[in-house]
Amino acid sequence: MEAQRSDEDTRFLIAQIACGDRVAFERLFRAFEVRLYRYLMAMLHARELAEELVNDVMVEVWRGAPKFRNESKPSTWLYGIAYHKAIDAIRKRKPATAELRTIAAVPDPRPSPEESAVAGDLHNDLDAALRSLSPEHRAVVELALTQGYSYQQISEIAGCPVNTVKTRMFHARRHLREYFLRAGARGEAS
Amino acid sequence: MTHRPISELLPWYVNDTLTLEERTAVEAEVERCAECATEVEQLAALRDYMLETDAAMEGPSQTLFAKTLARIEREEHAPRRAGKLWAALAGLSWILVAAPVVAAVVVMGFWAFGPGGRFAGQVSAVAPPEQPQIVQLDASARSVASNAAAYPAMYQRFKNETTGAGGPADAVHRDIARTGAISLVVDDVERAINLADSVASQRGGYVSSLSDQTPQSPGERHSADMQVSVPSAQFDGAMISLAALGVVRSRSVNAQDVTSSVVDLTARLDNARRTERDLAAIMDRQGKIDDILQAEQQLAQAREQVEQLAGQLQAQQQSVALSTIDLTLTDAAPKPSTAAPSGSDQLGDAWRAAVRSVGSFTLAIVGAAFFIVAYVPYIALVLILAFFAWRRFAGQTPR
């Protein structure tokens, strides 16, 4: 009920923004800046870039508010913009020949999965495992587990069929399961 | 459902977004399959870890909103520049069409913009550059009214929150003086003035000033400046109703918190009145002539101060009670002349047309010269090829 009211409020703010209302824009900005920033940080692991993308997303919201269709949920619209901006930014910053996984780990100063496995820290393991996912797989995991979106909403955010969302999640889970198995094996060994 | 589709739903079972039917199917599967049960535990652990990490993460910098707003302002006020792709395409198209089109362009230029040319008279009739923006704002202006109608509860809540009414701030009375300004492009200024007048009356207000600038000569636009005063409670409604009279070119609202000023004036007025009463009491007592004269002089000063402060307080209270909206109305199109033009007007028009034509012709000549200079290499190439072709043709023709 609360979420429904919040959605209605956001719809109204978007309608006001479409009229050029800067006060409404600030309220929408304040309502989403932290959530979007954290989501983009989880995807990009770079503070400045994440802020730049929040900026891009909100400018896009300002420009696109008149075209916002009421049938979609406002927050999925915002996350949809953020999703595509994040994927584009990750693609742009990595060399064209490199593979997604290796690149996702390039800017990460933390230990590699193998190093962290040796370190024996489950959280480092999880962190490394998440970072080693491809951007699309990581996004699905983030949107489902941190942001709490249903698979239908994620398909709307990512602009892909529901089955693709499920398949991406399936592969992400398979990848993450290895880390859980490793952690389990370490737990048994100790 | 088979095992795989149900297993696929486990992450959404963990985040609690499944339908009742899906949820029941997953629960049955988790009870039956140990592997699925383990995975649910792992996913729940992963979700907890991700949520913890998310919550522990710092927020963005405080200046992010200011940066975004500055960018929007910059983009809205900067002229649009063509993108790199368009620039590249434009460059490419120049090269592709250059040589064969040179002659055609020069001839077309003369044909189109020369004296008596087809487009010679249309140079001054190009639409003003702000036209597309007006069209866009037109839609916006209409949706302001529809937003208030479509979301009445939210509109009220939003309004209360932004004006500070209705919330906890209600406990402390605030005196807010609000003023607004709207600039509109309308189809008929005369009609818009009448409509604005009726908007003001319907909302318990009035037109406090009107300056109507009727066009004196053909081509001028009819415009008018109005000031509408309405009770503060009617301010938002009046802004929406007035904006709906035409196409909004600009709109602004200014709210000034005059609470401290009102409190200060009230206190000073009370003090001045107390002094006035005390001095009057001194005057009533029997005393020396000098003392009475001095008291009388001070009493006069005190009364003057009371009057001044009372006037200022009244003005301040009025600014809170009544909000003013400055309205600028401009006709969308210049008025055509209805009267038959006089002989001198006709001669004047003919002279202006002639001057415009000479100007266009001169520009066309200069433009053509630029084209010729720029395309000299291509023209030379075409001429050389034509020359060789002619020589070859001439050489083969039997005499």
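Buried means under 20% relative accessible area, exposed means over 50%, and partly exposed lies in between. The exercises below use these classes on a predicted model.

**Exercise 1. Classify His45(A) and Asp16(B) as buried, partly exposed or exposed, and state what the backbone does at each.**

Step 1. His45(A) has a relative accessibility of 21%, so this residue counts as partly exposed.

Step 2. His45(A) sits in the loop between H2 and H3 of chain A. Its phi is positive, about 55°, although the residue is not a glycine.

Step 3. Asp16(B) has a relative accessible area of 53% and is therefore exposed. This residue belongs to the loop between helix H2 (10-14) and helix H3 (20-32) of chain B, and its phi, near 60°, is again a positive value in a residue other than glycine.

Step 4. The background for noting these angles is that most residues other than glycine have a negative phi.

**Exercise 2. Describe the interface between chain A and chain B: how many residues are in contact, and what area is buried?**

Step 1. On the chain A side 58 residues are in contact with 49 residues of chain B.

Step 2. The area buried between the two chains is about 5100 Å², and carbon and sulfur atoms give 60% of that area.

Step 3. Between chain A and chain B there are 16 residue pairs in polar contact, both residues being at pLDDT 80 or more. Seven helices of chain A, namely H1, H2, H3, H7, H8, H9 and H10, each supply at least two residues of the side that touches chain B. The largest share comes from H2(A), with 14 residues.

Step 4. By residue class, the side of chain A that touches chain B divides into 31 nonpolar, seven polar and 20 charged residues.

**Exercise 3. Find which salt bridges cross between the chains, and place their partners.**

Step 1. The whole structure holds 23 salt bridges over all chains, and the count between chain A and chain B is six.

Step 2. One of these joins Glu58(B) to Arg47(A), with the closest N and O atoms 3.5 Å apart.

Step 3. The side chains of Asp56(A) and Arg71(B) meet at 2.6 Å, N to O. This pair runs from helix H3 of chain A to helix H5 (residues 64-77) of chain B. Asp56(A) is buried, because its relative accessibility is 16%.

Step 4. Glu75(B) and Arg63(A) also form a salt bridge, at 2.6 Å, N to O. Here the pair crosses from helix H5 of chain B to helix H3 of chain A. Glu75(B), at 34% relative accessible area, is partly exposed, and Arg63(A), at 43%, is partly exposed.

**Exercise 4. Where in chain A do Arg131(A) and Asp127(A) lie, and how far apart are they along the helix?**

Step 1. Both residues lie in helix H7 of chain A, four residues apart, about one turn of the helix.

Step 2. An α-helix has 3.6 residues a turn, so residues three or four places apart point the same way.

Step 3. The side chains of Arg131(A) and Asp127(A) meet in a salt bridge of 3.6 Å, N to O. Arg131(A) is buried at 10% relative accessibility, and Asp127(A) is buried at 9%.

**Exercise 5. Check the span of helix H13 (residues 343-374) of chain B against the expected value.**

Step 1. With 1.5 Å a residue, the 32 residues of this helix should span 46 Å.

Step 2. The end C-alpha atoms are 46 Å apart, which agrees.

Step 3. The buried residues of H13(B) are Ser360(B), Ala364(B) and Ala368(B).

Technical notes: Residues are numbered from 1 along each chain as its sequence is written. Chains are lettered from A and ligands numbered from 1 in the order in which they are written. This is a predicted model: local features need pLDDT of at least 70, side-chain atom pairs count only at pLDDT 80 or more; totals for chains, interfaces and linings use all residues. Side-chain values use heavy atoms; hydrogens and water are left out. Contact means heavy atoms within 4.5 Å. Buried area is the accessible area (1.4 Å probe) that two parts lose on being put together, summed over both. A salt bridge is a side-chain nitrogen of Lys or Arg within 4 Å of a carboxyl oxygen of Asp or Glu. A polar contact is a pair of N or O atoms within 3.5 Å; within protein, one must be able to donate a hydrogen and the other to accept it, and residues adjacent in sequence count only if both atoms are side-chain atoms. Ala, Val, Leu, Ile, Met, Phe, Trp, Tyr, Cys and Pro count as nonpolar, Asp, Glu, Lys and Arg as charged, and the others, Gly among them, as polar. The expected span of a helix is 1.5 Å times one less than its number of residues. Buried means under 20% relative accessible area, exposed over 50%, partly exposed in between (1.4 Å probe, protein chains only).
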